[in-house]
Amino acid sequence: MKVRKNIAISENGFIFNPLTGDSFSVNETGVFILQKLKEEESEATILQNLMDEYELDAHTAEKDLNDFLSMLQNYQLTTNE
Amino acid sequence: MKPNYESPIIKKLNAGMMNKFGSRTEYIPVKYIDNVAVADLMDQYGSPLFVISEKTIRQNYQKAVKAFKMRYPKVQFAWSYKTNYLDAVCQVFHQEGSWAEVVSGFEYQKALRNGVPGNLIIFNGPDKSKEDLILAIKNRSLIHIDHFDELYMLIDILEDMEETKARVAIRVNMDTGIYPQWDRFGFNYENGQAWNAIMRIIAQEKLQFEGLHCHIGTYMLTANAYAVAAQKMCELALSYSNTTGENIKYIDMGGGFCSVNTLKGSYLQGADIIPTFDDYAEAITSTILQSGFRPDTLPLLILETGRALIDEAGYLLGTVLATKRLADGRRATIVDTGVNIMFTSFWYNHRVSPAQDFSQHAEDTVLYGPLCMNIDSLRESITLPILKKGDRIVIQDVGAYNMTQWMQFITLRPNVVMIDTTGKVHLIRKQETIDSIVNYEIVPEHLK
């Protein structure tokens, strides 16, 4: 899963989709994941990155990451290409 | 040290659109109740857990009494048992000087057990058995007659009791300009039923007619309705004096004062729109004082307010069991405080606060209780900081009705503790166990 190329992501969590004109806000963890997606990291790597970055167990990390990725997909911010 | 983790969220920004559910209301966590750590309480007594602040009860009671006593010379409060009849709670009110106001034989027994003298118990309600009435007559309690069947039952009972009189009042219902008009309890004022009841009572030598009682509704958002009610009560009392030459000893204006909770469907927060004790007191006392009583015949003013005195003193502590995503993308948060122990969530949007630090991010969520039953929904939509499994929450202003109307449904009822005025924590009701329930069941021999 990758973030669509034209999506703008600011450091403080403001997301803009120029195709649809939609804007979003994400929290710090959300920015962290989006940046990793931009860097084209795999989901497994992002999961590990999350656990390295935060005090977090594997189950919570996996559950939260899946939920977040499904929301990104829902808002059409990602692509599976 | 690693930074604090918060579950990732994404929120679509809708510029210029109204948020139907209002903005977030929680900016600081509730970590302490009366200087006692919420975390410590839950570690020791479990989750969910009801917490009652004795200090808040006393403060609210004294504020209410002051509002009335500074305006009227003879005021008496009677604690509404049905609002919260945990013995420890009742005893705080009795220590403060409250009589007891009960509406069943069970509550009457509770008041007696709590040491309330029989003559300081007001017995209201439509359900008083023959045995209840005999006991109340013997104890010289104030019996507030609800209907003619009760009146005739009393007359029958007294025929068999030699040289005994019953102290009685009637409950009066009336049009005070509010909707819905409560007319199911007592005798109607406008159609003359109340006056007929009084005439019937004074014709009975063994009925000692002492007062008039009304209770015009619940969560009354206008103090003016009490002025209308007080006016009608005074007219009845003065008519009684003119007819019989006797004076009414008391007028009982009942309860129905609002607590700070927000009713479902209310546009504004409860705390912003409810009348104060002073508003209610001014409406009632100025009406009585101006109604034409001679100063030496002013009746005692009795008040039975319940929720306005106890709601703010009650907290329900709970734990997040899970968070999930609904089919339409909304967040759902499941907590262990269900409608089984929070009956008032059917009519209030309770204030829910996290009990631990959180970031500035917030999310709309549906708040569900733990029951595997569709009715168990505490809030259809509430904007809360990001919560995760294991996080703790504090639900505020739950002191009224929840600890009496709670249901033993699907699961058991939790511990209730009281924090006294010195900050000491006391267990005042133990959590139920499976034995609390099955001990009352009997399985027929052939099914064993």
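Select residues 14-17 and 22-26 of chain A in this predicted model: these are strands β3 and β4 of chain A, and they pair in the antiparallel sense over four bridges. Within this pair, put labels on A:N17 and on A:D22 of β4(A), which stand opposite one another.

Now widen the selection to the sheet that holds this pair. Four strands form an open sheet with antiparallel pairing, and their order is β2(A)-β3(A)-β4(A)-β1(B). Colouring by chain will help here, since the edge strands, each pairing on one side only, are β2 (8-9) of chain A and β1 (10-13) of chain B.

Add helix α1 of chain A, residues 28-38, to the view. This helix lies across β2 and β4 of chain A together with β1 of chain B, and its direction makes an angle of about 115° with β4(A).

From the sheet, turn to the contact between the two chains, which takes 22 residues from chain A and 17 residues from chain B. On the chain A side, the elements to highlight are β4, α1 and α3 (58-74), each of which gives two or more residues to the side that touches chain B. Which of these elements gives the most to that side? The answer is α3(A), with seven residues.

Hide chain A next and look at chain B as a whole, with its 13 helices and 21 strands. The radius of gyration of chain B is 25 Å, close to the 22 Å that the globule rule gives for 448 residues, so chain B is as compact as a globular protein of that length. Taken along the principal axes, the box filled by its C-alpha atoms is roughly 80 × 65 × 45 Å. Of the 448 residues, 45% count as buried, and among the contacts between residues at least 6 apart in sequence, 69% join residues at least 24 apart.

Colour chain B by domain: domain 1 covers 32-52 + 313-431, and domain 2 covers 54-311. The centres of these two domains of chain B, taken over C-alpha atoms, are separated by 33 Å. Where they touch, 21 residues of domain 1 are in contact with 23 residues of domain 2. On the domain 1 side of this contact, select α12 (402-405), β20 (416-419) and β21 (425-429) of chain B, the elements that give two or more residues to it; the largest share, three residues, comes from β20(B).

The interior of chain B is the next stop. The largest nonpolar core has 139 residues, of which B:V51, B:A100, B:V172, B:Y226 and B:M233 touch the most other members. Helix α8 (residues 224-244) of chain B contributes the largest share of this core, nine residues, and the core draws at least three residues from each of domain 1 and domain 2 of chain B.

Centre the view on B:V172 to follow one of these residues in detail. Apart from its neighbours within four places in sequence, B:V172 is in contact with B:G186, B:F187, B:Y189, B:A194, B:L212, B:H213, B:C214, B:M233 and B:L236.

The remaining stops concern the backbone of chain B, beginning with two peptide bonds. Zoom in on B:S47 and B:P48, which are joined by a cis peptide bond with omega of about 0°; B:P48 is found in the loop between α1 (38-45) and β4 (49-53) of chain B. Then move to B:Y179 and B:P180, where the peptide bond is also cis, with omega near -5°, and where B:P180 lies in the loop between β9 (166-173) and β10 (187-188) of chain B.

Finally, select two tyrosines in turn. B:Y219, in the loop between β11 (207-214) and α8 of chain B, has a phi near 50°, a positive value in a residue other than glycine. B:Y401 likewise is not a glycine and has a positive phi, of about 70°, and this residue lies in the loop between β19 (392-396) and α12 of chain B.

Is each of these tyrosines buried, exposed or partly exposed? B:Y219 counts as partly exposed because it has 16 C-beta neighbours inside 10 Å, whereas B:Y401 counts as buried because it has 22 C-beta neighbours inside 10 Å, the cut-off for a buried residue being 20 or more.

Definitions and conventions: Residues are numbered from 1 along each chain as its sequence is written. Chains are lettered from A and ligands numbered from 1 in the order in which they are written. This is a predicted model: local features need pLDDT of at least 70, side-chain atom pairs count only at pLDDT 80 or more; totals for chains, interfaces and linings use all residues. The radius of gyration is taken over C-alpha atoms; the globule rule is 2.2 Å times the number of residues to the power 0.38. A residue is buried if 20 or more other C-beta atoms lie within 10 Å of its own, exposed if 12 or fewer, and partly exposed in between; C-beta atoms are placed from the backbone. Two residues are in contact if their C-beta atoms, placed from the backbone, lie within 7 Å. A nonpolar core is a set of buried Ala, Val, Leu, Ile, Met, Phe, Trp, Tyr and Cys residues joined through C-beta atoms within 7 Å. Domain bounds come from an automatic or database domain assignment. Two strands pair if DSSP finds at least two bridges between them. Axes are lines fitted to C-alpha atoms, for helices over the stretch in contact, and angles run from 0 to 180 degrees between N-to-C directions.
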